Amino acid sequence: MTELTASPWLDKFARFLSAERQLSRYTVRNYLNELHRVGALLPAANWQSVSHEQLKAALAKLHRQGLSPRSLSLCLSAQKQFFEYLLREQQIAANPAVQLSAPKQGKPLPKNLDADSIDHLLDIDVTDPISARDKALMELFYSSGLRLAELASLNVNDIDLKAAELKVVGKGSKERLLPVGSVAIAAIEQWLNYRATMPQHDEALFISQRGGRLSHRGIQARLSYWGQQQLLAAKVHPHKLRHSFATHLLEASGDLRAVQELLGHANLATTQIYTSLDFQHLAKVYDGAHPRARKRKN
């Protein structure tokens, strides 16, 4: 135990948190644990002499040791409040932790739909143009792992039905070529037959009843509608279908780099920069792993 971790000011701070701040025993304990953690790394003789640079170095060391962003954030919060208390008690002239910042916490990936839920969602009886359109756009979402903006911006000439390929322009105007599964191709062909009978004021692949491009909000609303209509327990939205595509394909293929390339996304659970792969390799991984893919003829 160091002089810092044995400091009577930690006990005084704990009493302050309990009595004046009325924080729970659990929260007070966590704050003290974090102060003990960082105190063990500081070279200062006492808390009153701790510098900004020493705190910054201690946080960096904890980060290198693998402490999660959430834990680092808690550790930093404990420091800021403790030094604010010492400032209030006139033990220090300035808070050395006030300008420190913890690494940003990554947003958790949304839960995906399992394969049975996907099958149930997409088991739609096509009876009119709207149901045909909705089935096609959901099949394409799941078939190719598109972003909402990518799907909404698709034009009829972006898809090659015979080759079962789709041209997509993603973030940063980066173009990529994607394979499309046979189930999605069949749904799109059925939709295009209906589309030909509708008013057409746009070259968009997916149009509204009035003939204009289907909006982002319109697509989101249709997915939500079908999730409720098919009695799915989970809410259905575009990114959930994209994440389900990635999860199912990754589980079946184990090829993270190929899945990243198909997504047009450099960060899938990691920040690793992917290596560009040729389309034939992507098509091979896709055909071998995607639940609704067709087998290509050699």
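Start with the whole protein chain: of its 298 residues, 45% count as buried. What you have open is a predicted model. Now colour by secondary structure, and you'll find 12 helices and 3 strands. Switch on the surface as well: the chain exposes about 16100 Å², and carbon and sulfur atoms supply 50% of that. If your viewer can draw contacts, look at pairs of residues at least 6 apart in sequence; 59% of those contacts join residues at least 24 apart.

**Stop one: a buried pair**

Next up are the salt bridges, which come to 9 in this model. Select Glu150 and Arg176 and show their side chains. They meet in a salt bridge, with 2.9 Å from N to O. This pair ties together distant parts of the chain: Glu150 belongs to helix α7 (residues 148-152), while Arg176 is in strand β3 (residues 175-179), 26 residues apart.

Are these two buried or exposed? Glu150 is buried, with a relative accessible area of just 3%. Arg176 has 10% relative accessibility, and because the cut-off for buried is under 20%, Arg176 counts as buried too.

**Stop two: a bridge within a loop**

Now move along to Arg213 and Asp202. What joins them? A salt bridge does, and its closest N and O atoms are 3.1 Å apart. Both residues lie in the loop between α8 (182-195) and α9 (216-229), and they are 11 residues apart, so the pair counts as linking distant parts of the chain.

Turn the surface back on here. Arg213 is partly exposed, with a relative accessible area of 31%. Asp202 is partly exposed as well, at 26% relative accessibility.

**Stop three: a small network**

For the last stop, select Glu20, Arg88 and Glu89 together. These residues are linked in a network of salt bridges. Zoom in on one of its links: Arg88 forms a salt bridge with Glu89, and the closest N and O atoms are 3.6 Å apart.

How accessible are the two partners? Arg88 comes out at 46% relative accessibility, which makes it partly exposed. Glu89 has 30% relative accessibility and is also partly exposed.

**Before you close the viewer**

Try showing your selections together. You'll have the buried Glu150 and the buried Arg176 in one view with the partly exposed Arg213 and the partly exposed Arg88.

Terms used
Residues numbered from 1 in each chain as written. Predicted model: local features only at pLDDT ≥ 70, side-chain atom pairs only at ≥ 80, totals over all residues. Heavy atoms only, no water. Salt bridge = Lys/Arg side-chain N within 4 Å of Asp/Glu carboxyl O. Buried < 20%, exposed > 50% of the residue type's maximum accessible area, 1.4 Å probe, protein only. Helix = DSSP H or I, 4+ residues; strand = E, 2+ residues; numbered from the N terminus. Contact = heavy atoms within 4.5 Å. Areas by Shrake-Rupley, 256 points an atom, 1.4 Å probe, with all protein chains shown as cover.
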